[in-house]
Amino acid sequence: MIEIEQLSATQAQPLLAALTDVLQGCVADGASVGFIDAADREAIERFWQDKIYSLASGDNQLLVAWQQGVIVATVMVGYSAMPNGRHRAEISKLLVHPGARRQGIARRLMQQAEQLAVERGKTLLVLDTRSGDVATDLYLSMDWQVAGSIPDYAESTAGVLDATTVMYKGLK
Ligand SMILES: CC(C)(COP(=O)(O)OP(=O)(O)OC[C@H]1O[C@@H](n2cnc3c(N)ncnc32)[C@H](O)[C@@H]1OP(=O)(O)O)[C@@H](O)C(=O)NCCC(=O)NCCS
């Protein structure tokens, strides 16, 4: 069984290693999710530590998926700090551990992330994803639109520059 839970900063802090395991597993599998060296666990852990601090301010919300007592997936909803972006939220770190994929976990996380944004009165969601990745199919199937793509946007774990696709979804 898969359970989705929203974590506060206090709840997430003791789960730092588990969050790091998911991100590290995805990077080791070649995902384009900010990091290029899966062996650099410290950098990945630092990233999550910063995000955990940011949960306390309310600028970010974190959802995780549990399967048999283990965190197997994450997604974050980030809120714009600028007054002109108060209607907007950004989805990031949709990560499903390679061992837990194709069970519908990402789809459930995205549905609940969207619900969090709706509850906060947001009317626009944005994200970016490596062009050609399977994640694009998921977003398209959930009524996201492609705004466009930027060539050579991010270095891959294989050392080449990949394009990114910018996507959005109106919630009105
Ligand atoms: C993309 C990712 C989050 C999908 O997670 P998942 O839990 O396996 O996805 P789901 O089982 O919910 O599948 C949802 C849809 O995604 C698409 N999809 C997911 N994996 C796919 C694959 N290997 N091949 C083709 N389509 C795939 C399909 O459209 C699928 O819908 P369907 O099952 O009805 O065909 C996961 O592969 C992952 O973590 N990848 C690395 C990190 C990443 O790229 N994250 C996105 C950053 S923007």
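## Overall make-up

Between residues 2 and 172, helix accounts for 33% of the chain and strand for 36%. The C-alpha atoms at the two ends of this stretch are 29 Å apart. The model is a predicted one.

An unreviewed UniProt entry annotates residues 2–172 as "domain: N-acetyltransferase".

## Where the ligand sits

The ligand takes up the space of the largest pocket. Several elements give two or more residues to the shell around the ligand: strand 4 (88–96), helix 4 (105–119), strand 5 (124–130) and helix 5 (134–141). Of the elements, helix 5 gives the most, with five residues.

## The residues around the ligand

In total, 19 residues surround the ligand. The closest are L94, V96, R102, G104 and R107. By type, the shell divides into 11 nonpolar residues, three polar ones and five charged ones.

## Polar contacts and cover

Which parts of R102 and A106 do oxygen atoms of the ligand approach, backbone or side chain? For R102, a polar backbone atom lies 2.8 Å from an oxygen atom of the ligand. For A106, a polar backbone atom is likewise involved, at 3.0 Å from a ligand oxygen. With R107, the contact is made through the side chain: one of its N or O atoms is 2.9 Å from an oxygen atom of the ligand.

On its own, the ligand has 910 Å² of accessible area, and the protein covers 76% of this.

Conventions: Residues numbered from 1 in each chain as written. Predicted model: local features only at pLDDT ≥ 70, side-chain atom pairs only at ≥ 80, totals over all residues. Heavy atoms only, no water. UniProt positions renumbered as here; feature names shortened; annotations may be inferred. Helix = DSSP H or I, 4+ residues; strand = E, 2+ residues; numbered from the N terminus. Near = heavy atom within 4 Å. Polar contact = N/O pair within 3.5 Å; in protein donor to acceptor, adjacent residues only side chain to side chain. Areas by Shrake-Rupley, 256 points an atom, 1.4 Å probe, with all protein chains shown as cover. 1 Å grid on protein atoms, 1.4 Å probe; cavity = no way out; pocket = protein on both sides within 12 Å on 5 of 7 lines; lining within 4 Å. Sits in = over half its atoms within 2 Å of the grid points. Nonpolar A, V, L, I, M, F, W, Y, C, P; charged D, E, K, R; others polar.
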